[in-house]
Each structure stands twice: as structure tokens, then as C-alpha cells.
Amino acid sequence: MKRIITLTVMNRSGVLNRITGLFTKRHYNIESISVGHSETEGISRITFVVNVQEEKQAEQITKQLNKQVDVIKVMDITNQSIVARELALIKVVSNASTRMEIYGLIEPFRASIIDVSRDSLVVQVTGEPSKIEALIDLLKPYGIKEIARTGLTAFPRGTQKSTQMEKNFSIV
């Protein structure tokens, strides 16, 4: 089962390496990871998507992450109402005769063409991973040269229904 885990960490050298090392030691595969500055200077936010077999493994990960010195807060937001987005750049084989057809195909996805060359174009799309997968499937018949994806970035929505499944861990 996929779990979405967010961390608030000190923005210091080696923090990401130590955190990913925890996953490596326990043989958990990180499906995606995104890292960036937060609203507070010196603090970064990390979003992991990790695949685990059991709920107990997810709990173990959060407990181990909380033991790290530079980790401020750990949240498993899988079962919460969240806002989640991903960015993808897709280079598609294209010539003058297929460009308008591709444009018509990407328009409903609110995607945009950000680069055009004689034999290809680059499409930029943001949204939930399922939306990006759907667009990629539609573009495959044209020939995809290259794909670059950022990985999921997410956080809980402003209002949450209280659930018993919600797990919020913090050392602060």
C-alpha cells in the first residue's frame, strides 16, 4: 500500500541522506520524493511516497524518522484530505501536421506547450498523478522521447474531518 509521509526538517547538509538511509536500511522503496524550502527560513519540507506491505511498517518508518536529530515533524497524511500535485515535462515526437492535434489533446488537461522544435515539442502538466498518467497514455501513440516528473508534493487541506486513522507524530 502506498503511504504519503511529510516531514518538516532543518535545512542542513546531510539531512536528506540520513533520512533516505533509513528507508534503504529497512529495504523500503521510495516511489517519489520532493524537497523544498518551507514558509520558515532554515526549514524544509519533504514529501515521500513509499510502498509498504503493512500498516505496522508505516508506523515503524514514522517512529524511526522522529528519532532523527534534524527532523522537526513527521506526518503520515495518507488517510487525510490532502492537496497533492506533481509536475511533469513530456517531450513528444511532433511535426507541423500533428502539433494542432496534440494541442487539442492536451488542452482539457490544462497542460501547455513550453518548447517547440522541428521534430518535437515539450508539454508541461501539473496535477494529481492519475491526471498525469492519463495524459501520458494519450500521448504515447505520438511517440514519447522523454519524461521528467517531480514526484508528489502534498499537505493536508485546511479543514479536516476528525478520524481515528489520522496519525500525527511530532517531537516538538
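**Note on the predicted model: pockets, surface patch and salt bridges**

1. The largest pocket has a lining of 13 residues, and those nearest its centre are Lys2, Glu31, Ser32, Val49 and Pro129. The space in this pocket comes to about 250 Å³. The structure is a predicted model, and the remarks below should be read with that in mind.

2. Where does the lining of the largest pocket come from? Strand β2 gives the largest share, 3 residues. Both β1 (2-10) and β2 (29-37) supply at least two residues each. Sorted by class, the lining holds 5 nonpolar, 4 polar and 4 charged residues.

3. The second largest pocket holds about 180 Å³ of space. It is lined by 14 residues, and Thr6, Thr8, Arg45, Lys73 and Met75 are the closest to its centre. Two or more lining residues come from each of β1, β3 (43-51), β4 (71-76) and β9 (153-156). The class count for this second lining is 7 nonpolar, 4 polar and 3 charged. Strand β1 thus appears in the lining of the largest pocket and in that of the second largest.

4. For orientation, the protein chain has 4 helices and 10 strands. In sequence order these follow the pattern β-α-β-β-α-β-β-α-β-β-α-β-β-β. The C-alpha trace spans about 60 × 35 × 30 Å along its principal axes. Of the 172 residues in the chain, 35% are buried.

5. A nonpolar patch lies on the surface, formed by Leu16, Ile33 and Val35, which together have about 210 Å² of accessible area. Ile33 belongs to strand β2, the strand that also gives the largest share of the lining of the largest pocket. Why is Ile33 counted as partly exposed? Its relative accessibility is 31%, and the partly exposed class lies between the cut-offs of 20% and 50%.

6. There are 12 salt bridges in the structure. One of them joins Arg3 and Asp76, with 2.8 Å between the closest N and O atoms. This pair links distant parts of the chain, since Arg3 sits in strand β1 and Asp76 in strand β4, 73 residues apart. Are the two partners buried or exposed? Arg3 is buried, at 5% relative accessible area, and Asp76 is buried too, at 7%. Both values fall under the 20% cut-off for buried residues. Arg3 and Asp76 also take part in a salt-bridge network with Glu55.

7. A second pair to look at is Glu39 and Arg45, whose side chains meet in a salt bridge at 3.5 Å, N to O. Glu39 is exposed, with 66% relative accessible area, whereas Arg45 is partly exposed, with 26%. Arg45 is also one of the residues closest to the centre of the second largest pocket.

8. Lys91 and Glu146 form a further salt bridge, with the closest N and O atoms 3.7 Å apart. Which elements does this pair link? Lys91 lies in strand β5 (residues 82-93) and Glu146 in strand β8 (residues 144-149), so the bridge connects distant parts of the chain, 55 residues apart. Both partners are partly exposed: Lys91 has a relative accessibility of 29%, and Glu146 has a relative accessible area of 49%. The value for Glu146 falls under the cut-off for exposed residues, which is over 50%.

Technical notes. Residues are numbered from 1 along each chain as its sequence is written. This is a predicted model: local features need pLDDT of at least 70, side-chain atom pairs count only at pLDDT 80 or more; totals for chains, interfaces and linings use all residues. Side-chain values use heavy atoms; hydrogens and water are left out. On a 1 Å grid over the protein atoms alone, a cavity is a set of points where a 1.4 Å probe fits but cannot get out, and a pocket is an open set with protein on both sides within 12 Å along at least five of seven lines; lining residues have an atom within 4 Å of a point. Grid points are joined across faces, edges and corners, and a volume is the space filled by probe spheres set on the points. Ala, Val, Leu, Ile, Met, Phe, Trp, Tyr, Cys and Pro count as nonpolar, Asp, Glu, Lys and Arg as charged, and the others, Gly among them, as polar. Patches are made of residues with over 30% relative accessible area and no salt bridge: like charges are joined within 9 Å, nonpolar side chains (Val, Leu, Ile, Met, Phe, Trp, Tyr) within 5 Å. Accessible areas come from the Shrake-Rupley method with a 1.4 Å probe; for residues, only the protein chains shown count as cover. A salt bridge is a side-chain nitrogen of Lys or Arg within 4 Å of a carboxyl oxygen of Asp or Glu. Buried means under 20% relative accessible area, exposed over 50%, partly exposed in between (1.4 Å probe, protein chains only).
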